[in-house]
Structure formats: C-alpha cells, structure tokens
Amino acid sequence: LALAAFAVMVAALAVHLSFGNEAVTKLTSPSTFDHFDFETFWYSAKAFWEGRGIYYDTGHEATSANPPLFTVLISPLGLMEGIVAYKVYALTMLFVSVGYLAWMADELRLRAGWAISGTVMLLLSMPLLTTLSLGQIYPILALGLVAAWIADRRDKPIAAGSALGLVITLKPSLVPILLWPLVRRRWGMLGASIASGAAVILAGTIVVGLGATLDWMRFVANRGIDEVWTNASLPGQADRLFRENEFAEPIAMLPWMVPVAFVLGFELIILSAAKTRRDPEMGFWALVAASLLASPVAWENYLVLLGPGILVLIARGRWPVVLLLLALQTFPSEWRLLWQDANKTVAALALTLYCFVMIVHWLAFFGDKERKRLPCDT
C-alpha cells in the first residue's frame, strides 16, 4: 500500500507538471462563470431579492439543487457584485473546511504533527481545491457530518440527529445515512433527523413560498444520471460505459448494467449499515461512501465528505492505507487529457478513475476493524 501510494503521488505529480491545474488557476479568476456552481447560487440569491422564482426564473442556464432555505441564508451575497460575493463565499468555505478538520483532529486527539500533516494534505487535495474553485457546498455538508459523528461519540443523539437532518436536506442523495441511527435503534437521533429536515423545508417554505419548495422537490426528484466521467457513482459509470449517452461512446451496449449498478450500490449500503452496529465510528464513514457510490450523481469533489474518515484511520494507526487515500485525492481532472488520442475503450475505462478512488475509500472504511481503544484514548 505504501508503494502504491508513492506510485500514485508520482503519477499525479507528472499530470500536474504536464498539464497544469485548472482548479488552482480558476481560484483567482475574475469571471463568475469560472465559479459555475457559485454563479448558479448567486443568480438564485438575486432572484430572491427581485421577487422572481429562485429555481426556474433566475436568468441562469443551470438550476440550483439546494433547498429554498439555503438561498435565503446566502441571499445577502445577491446584493454584492458577483466576483466580490464569490470571494466572500469561497473564504467562508475555506474557514469551514479548516474548522471541521481541526475539530475532527482535536476530537480524535491526534498528535500535532499527524494532525497538521493530515489536515494540510486534505486542504490541498484536488476535491477540496476544485470545490472552492467552483463554489460548491460540500464543506458545509462535511461540517454537518463531522458534527453528527462527534455528537454521537459524546452521546448527544438529538444534536447528532439534527445535524444529519440538515445534511440530508441539503443533499437528499445522502438519505441512506439515516440507517446509521436506525440499525442501532437510536430512535431519538432518527426522530431528530426527520424533525430537523422537516424544519428546514418548512422554514424555507414560509420565507419563499410553497411554489419554490415544490419546484425544488420536482428538480431533485427528476434529476437523472449524469454521464460525465467525473460522476463517480456506480450507476453513472454504468450509464456512460454501457448505454447510449451524449458524452461518450459506450464500450458495449449492455443497458441492463445500469440497474445492476443500482443493485450493487444498494448492497454496499446494506453492508455498511451492518458494519455500523459493530463499529459505529468507522461504519458511519463507510455508509457515507456507499451512499455516494449508489446515488445517480456523485461528483469527484464529493470525496471532500470522506476526508474526516481518513483522520479516523490516522487515529487508528492505519498509515499505509492513509497514505494511499491521501495520494489518490491528489489526482487532478487533467487526467482526462492523457487519453484524448487513446483507444476509445481504453480511454473509457481509464476515465472510471474517480469511481475507483471512491471504491477504495469505501473499502478502507468498511474493511477497517475497530480496536478496543483508539490511540487518542490512551
């Protein structure tokens, strides 16, 4: 594993040196179009102040997938110039990222050197840099997951459930993590999760109206599989590889592979849920990874949500697998440029990279066995 981590780091460095790094370059771009996800949110915020629909009447080509309350909370950014608003948002997300990683390291009582090393590597990972560049919400989701995990560790089920509810409302594809309290019969946590999610939806409905809430629900319910290669989910890869799509030529026409991928993803969720009964601390992160693999869309930047789980592996002394996971998170999206002139089948398989990376994360979390005591407890 250590040798594999070294090989991955060398390969990632070669890609960086050969093609540069678009995500890093876009971080300082003066155009909001280069911060595409944020630009979508910003248009929704402007529409809120102007009394227009915050989903389908914003004037932007894309539709925000966030619940109405999120748009209300970031609405002050709609009163600013676009690039100024992006800088405020990006800095906020950076502080949130530093905060939840530091909080996790402190909870695990990692030694200063290991805490700093792990945190810095995760802050410099390609998923997080790309997240900040595009202006995505994944640091908020990661903070919610960390808050839930730590609250459960401290035997505060209501706080843990409230955090889970917020996360699931922001990203409904993560709803399988409700199995975490369910299989352990933590009924208070489960109830708090449902109540928290309902409260977020209700609050948004009160402020922006029932129509906007229904628009959001319809958008989430009708969202299908995205065949772009950076969609790291199992159904996404199966759809791109085995069914006609607008982004790539399939390597074989096997449309039945898509439902097979969904079934496989469901099985990963069930296996991860079962692990939470034996090892709730690591089982939680395995369940998050399985939820991403099973969903119709899971962008490569969703790996940000799994970073705190790597810190748990550090606390358990799993250094070889930690090195491999950190190395895999350094791979830039410029990887695709290596395969422009390659055989189509070879290129299609090579572009399953991020799905493979997510599977390796799930295997690391699922396969880890709980020790009687973590090093931080001694």
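Let's start at one residue: setting aside residues up to four places away in sequence, Trp319 touches Trp114 and Ile314. Keep in mind that this is a predicted model. Trp319 sits in helix H17, and with a relative accessible area of 30% it is partly exposed. Now look for Ala2. Trp319 and Ala2 are 317 residues apart along the chain, yet 8.2 Å separates their C-alpha atoms.

**Helix H17 and its neighbours**

What about the rest of that helix: is H17 mostly covered or mostly open? Helix H17 runs over residues 319-328, and 7 of its 10 residues are buried, so "mostly covered" is the right description given that buried means under 20% relative accessible area. The buried ones are Val321, Val322, Leu324, Leu325, Leu326, Ala327 and Leu328. Which helices do these buried residues pack against? They pack against helix H1 (2-19), helix H6 (112-123), helix H16 (307-315) and helix H19 (353-367).

Helix H6 deserves a stop of its own, at Leu123. Leu123 is buried, with a relative accessible area of 18%; the cut-off for buried is under 20%. Leaving aside its neighbours within four places in sequence, Leu123 is in contact with Ser97, Val98, Leu101, Leu128 and Leu129. For another distance to try in your viewer, the C-alpha atoms of Leu123 and Met358 are 18 Å apart, with these positions 235 residues apart in the sequence count.

**The whole chain**

Zoom out for a moment. The chain has 19 helices and 0 strands. Buried residues make up 54% of its 378 residues. How does the chain's radius of gyration fit with a compact globule? A compact globule of 378 residues would have a radius of gyration near 21 Å, and the chain has 20 Å, which agrees. Along the principal axes, the C-alpha atoms fill a box of roughly 55 × 55 × 45 Å.

Contacts tell you something about how the chain folds back on itself. Take those between residues at least 6 apart in sequence: 73% of them join residues at least 24 apart. As for the outside, the accessible surface comes to about 16400 Å², and 67% of that belongs to carbon and sulfur atoms.

**Inside and outside: the nonpolar parts**

The largest nonpolar core has 107 residues, and Trp285, Leu305 and Phe365 have the most contacts inside it. Helix H5 (residues 82-108) gives the most to this core, with 12 residues. Pick Leu305 to see what such a crowd looks like. Not counting neighbours within four places in sequence, Leu305 is in contact with Tyr138, Leu141, Ala142, Leu145, Leu174, Trp285, Val288 and Leu292.

Nonpolar residues turn up on the surface too. Leu91, Leu94, Phe95 and Val98 form a nonpolar patch there, with about 360 Å² of accessible area together. Phe95 is found in helix H5, the helix that gives the most residues to the core. Is Phe95 buried or exposed? It counts as exposed, because its relative accessibility is 60% and the cut-off for exposed is over 50%.

**Charged pairs**

On to the salt bridges, which come to 14 in total. Here are three of them, with the N to O distance for each:

| Acidic partner | Basic partner | Distance, N to O |
|---|---|---|
| Glu107 | Arg154 | 2.6 Å |
| Asp215 | Arg218 | 2.6 Å |
| Asp239 | Arg243 | 2.2 Å |

Why does the Glu107 and Arg154 pair tie together separate parts of the chain? Glu107 lies in helix H5 while Arg154 lies in the loop between helix H8 (138-153) and helix H9 (157-170), so the pair links parts that are 47 residues apart in sequence. Glu107 is buried, at 9% relative accessible area, whereas Arg154 is partly exposed at 44%.

The Asp215 and Arg218 pair is a local affair: both lie in helix H12 (residues 210-222), 3 residues apart, which is about one turn of the helix. Arg218 is partly exposed, with a relative accessible area of 44%.

In the third pair, Asp239 counts as buried at 1% relative accessibility, and Arg243 is partly exposed at 31%. Elsewhere, salt bridges that share partners join Lys275, Asp279, Arg316, Arg318 and Asp368 into one network.

How values were computed: Residues are numbered from 1 along each chain as its sequence is written. This is a predicted model: local features need pLDDT of at least 70, side-chain atom pairs count only at pLDDT 80 or more; totals for chains, interfaces and linings use all residues. Side-chain values use heavy atoms; hydrogens and water are left out. A nonpolar core is a set of buried Ala, Val, Leu, Ile, Met, Phe, Trp, Tyr and Cys residues joined through side-chain atoms within 4.5 Å. Buried means under 20% relative accessible area, exposed over 50%, partly exposed in between (1.4 Å probe, protein chains only). Helices (H or I, at least four residues) and strands (E, at least two) are DSSP runs, numbered from the N terminus. Contact means heavy atoms within 4.5 Å. Patches are made of residues with over 30% relative accessible area and no salt bridge: like charges are joined within 9 Å, nonpolar side chains (Val, Leu, Ile, Met, Phe, Trp, Tyr) within 5 Å. Accessible areas come from the Shrake-Rupley method with a 1.4 Å probe; for residues, only the protein chains shown count as cover. A salt bridge is a side-chain nitrogen of Lys or Arg within 4 Å of a carboxyl oxygen of Asp or Glu. The radius of gyration is taken over C-alpha atoms; the globule rule is 2.2 Å times the number of residues to the power 0.38.
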